[in-house]
Every structure is written in structure tokens, then in C-alpha cells.
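The paragraphs that follow lead through a protein model, beginning with its charged pairs and moving on to its interior and its helices. It may help to keep the sequence and the structure side by side while reading.

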Amino acid sequence: FWGYIKPRYSTYQQRREFIWQEFSGLIEELEKPKYEKKIFLSHSSKDKFFARKLADGLRDHGIDVWIDEAEIKVGDSLTEKIGKAIETTQYFGVILSENSINSEWVKKELQIAIQKELANKKVVVLPIMLEPVEIPSFLKDKLYADFTNPDNFDSEFSKILNALSVSPDKRLTAKTELK
């Protein structure tokens, strides 16, 4: 490296600026705060509008959200990416609607998450009711966040934050992110 940089830049300051310019992106990435909590949001593509709104709110509170459209790229193996994501996230939020309870993908994702919850013997699956539906039998004993009334969004959102052990007051802003 010295053999490359010394002939190109005669002063220490020039070398320092070159190094900073070339590596600042990497340094910034390494210095980004790591999320303490990570949730997988399972939903029907027909409920994407709600999944995005929920994901944005969770991210605003410092929660890393795995949502398919942001994570899966053309050519990726769906089963591999989704399976790995469910394994590596601490929580699994399942958005319950007529669309999702009839979705084979959501059923498969939920099955993996329930197995993880049983194996870990701790809460992993967080039911999120978008519209009144018959709750799947293996979720009936779980308390769910009820978003069936849009007027109650904030109070139900706080319940999810509480389940994730995140304070509703911990909302990130541009100012707090820079600290």
C-alpha cells in the first residue's frame, strides 16, 4: 500500500485525505449503531400498505425490520432467504387478515416461527390483527395487537413496542441518530 500511495501523494495531508475519501463509506457503515431488536414481518402482499406503515413506525423506534420487498432480490431463493431471516430475527410479527390466513407463504413462515418459539421456549410470534378473522388455532391463546380500528393505531402500536421491550418514547429522529 505504501508503495502505491507514496509516489501519488507527496504530503501526509494528501495521503490522509485520500485514505479518508476511499474508506469513509466503510468506516461510516461500521460505526452505524446496531439494532438491538429485529423483527420479521409476515404478511400477504395484498396487505403491503399496512406492513410498510408498521415497518416504518418500528424503524423509527430503532427496530430492525425484515420485510420481503427490502430484502429479497431478483434471483434470490425465496425459501432460503425467508428461512434464514426467521432464524436470525428475535421476533416474528404476523399480520392477520383474510388475505394472510389464506396465504400458503404466510402459513409456511408461521410454521417455522412457531417451531422456533417452541424450541427456544420464549415468545417469538407476535400476532397483529389487521382485520377481524378467525385466528388460527395455534395462536388462539396469544394476546394480539388489534389494528382493526384505525383510530387505535397508536395504542396498539405501543403494545407491539412493549412486547419488544422498546419504550414508545425511544423514537429516533435525525437529531438523536447523529449523537
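A salt bridge is taken here as a side-chain nitrogen of Lys or Arg lying within 4 Å of a carboxyl oxygen of Asp or Glu. The model is a predicted one, and it holds seven such salt bridges. The general idea behind them is that side chains of opposite charge can pair when their charged atoms come close.

One of these pairs is formed by Lys38 and Asp64, whose closest N and O atoms are 3.8 Å apart. Because Lys38 belongs to strand β1 (residues 37-42) and Asp64 to strand β2 (residues 63-66), this pair ties together parts that are 26 residues apart in sequence. Lys38 is partly exposed, with a relative accessible area of 24%, and Asp64 is likewise partly exposed, at 21%.

A further salt bridge joins the side chains of Lys142 and Glu117, with a distance of 3.1 Å from N to O. Here Lys142 sits in the loop between β4 (125-129) and β5 (145-146), whereas Glu117 is part of helix α7 (residues 104-120), so the pair ties together parts that are 25 residues apart in sequence. Buried means under 20% relative accessible area; Lys142, with a value of 17%, is therefore buried, and Glu117, with a value of 15%, is therefore buried as well. Another pair consists of Glu134 and Lys140, whose closest N and O atoms are 2.8 Å apart; in this case Glu134 counts as exposed, at 55% relative accessibility.

Which charged residue is buried yet has no salt bridge? Lys116 is such a residue, and the nearest side chain of opposite charge, that of Glu87, is 8.0 Å away. Lys116 lies in helix α7, and a polar atom of its side chain is found 3.2 Å from the backbone oxygen of Glu87. Leaving aside residues up to four places away in sequence, Lys116 touches Ile86, Glu87, Thr88, Thr89, Gln90 and Val124.

To place these details in the whole, the protein has nine helices and five strands, which follow one another along the sequence in the pattern α-α-β-α-β-α-α-β-α-α-β-β-α-α. Of its 179 residues, 38% count as buried. Among contacts between residues at least 6 apart in sequence, 63% join residues at least 24 apart.

The interior can be followed through its nonpolar cores. The largest nonpolar core has 23 residues, and those with the most contacts inside it are Ile39, Leu54, Leu58, Phe147 and Leu164. At least two residues of this core come from each of β1, α3 (48-60), β2, β3 (91-96), β4 and α8 (153-163), and α3 gives the most, with five residues. Ile39 shows how such parts meet: not counting residues up to four places away in sequence, its contacts include Leu58, Ile63, Val65, Tyr91, Phe92, Leu126 and Leu164. A second, separate core consists of 19 residues, among them Ile72, Leu96, Val124 and Ile135.

Two helices can now be examined for the way in which they face the interior. An α-helix has 3.6 residues a turn, so residues three or four places apart point the same way. In helix α8, the buried residues are Phe153, Glu156, Phe157, Ile160 and Leu161. Seen down the axis of α8, these buried residues fall within an arc of 150°, so they line one face of the helix. The elements that cover them include α3, β2, β4 and β5. After α8 comes Ser165, whose phi is positive, near 60°.

Helix α5 (residues 78-88) can be read in a similar way, with Ile82, Gly83, Ala85 and Ile86 buried. Viewed down the axis of α5, its buried residues fall within an arc of 160°, and they therefore line one face of the helix. The cover over these buried residues includes β1, β2, β3 and α7. On the face of α5 turned away from its buried side are the exposed residues Glu80, Lys84 and Glu87. Glu87 thus returns to the account: it is exposed on helix α5, while its backbone oxygen lies 3.2 Å from a polar atom of the Lys116 side chain.

Methods. Residues numbered from 1 in each chain as written. Predicted model: local features only at pLDDT ≥ 70, side-chain atom pairs only at ≥ 80, totals over all residues. Heavy atoms only, no water. Helix = DSSP H or I, 4+ residues; strand = E, 2+ residues; numbered from the N terminus. Buried < 20%, exposed > 50% of the residue type's maximum accessible area, 1.4 Å probe, protein only. Core = buried A, V, L, I, M, F, W, Y, C linked by side-chain atoms within 4.5 Å. Contact = heavy atoms within 4.5 Å. Arc of directions from axis to C-beta. Lys, Arg positive; Asp, Glu negative; His and termini not counted. Polar contact = N/O pair within 3.5 Å; in protein donor to acceptor, adjacent residues only side chain to side chain.
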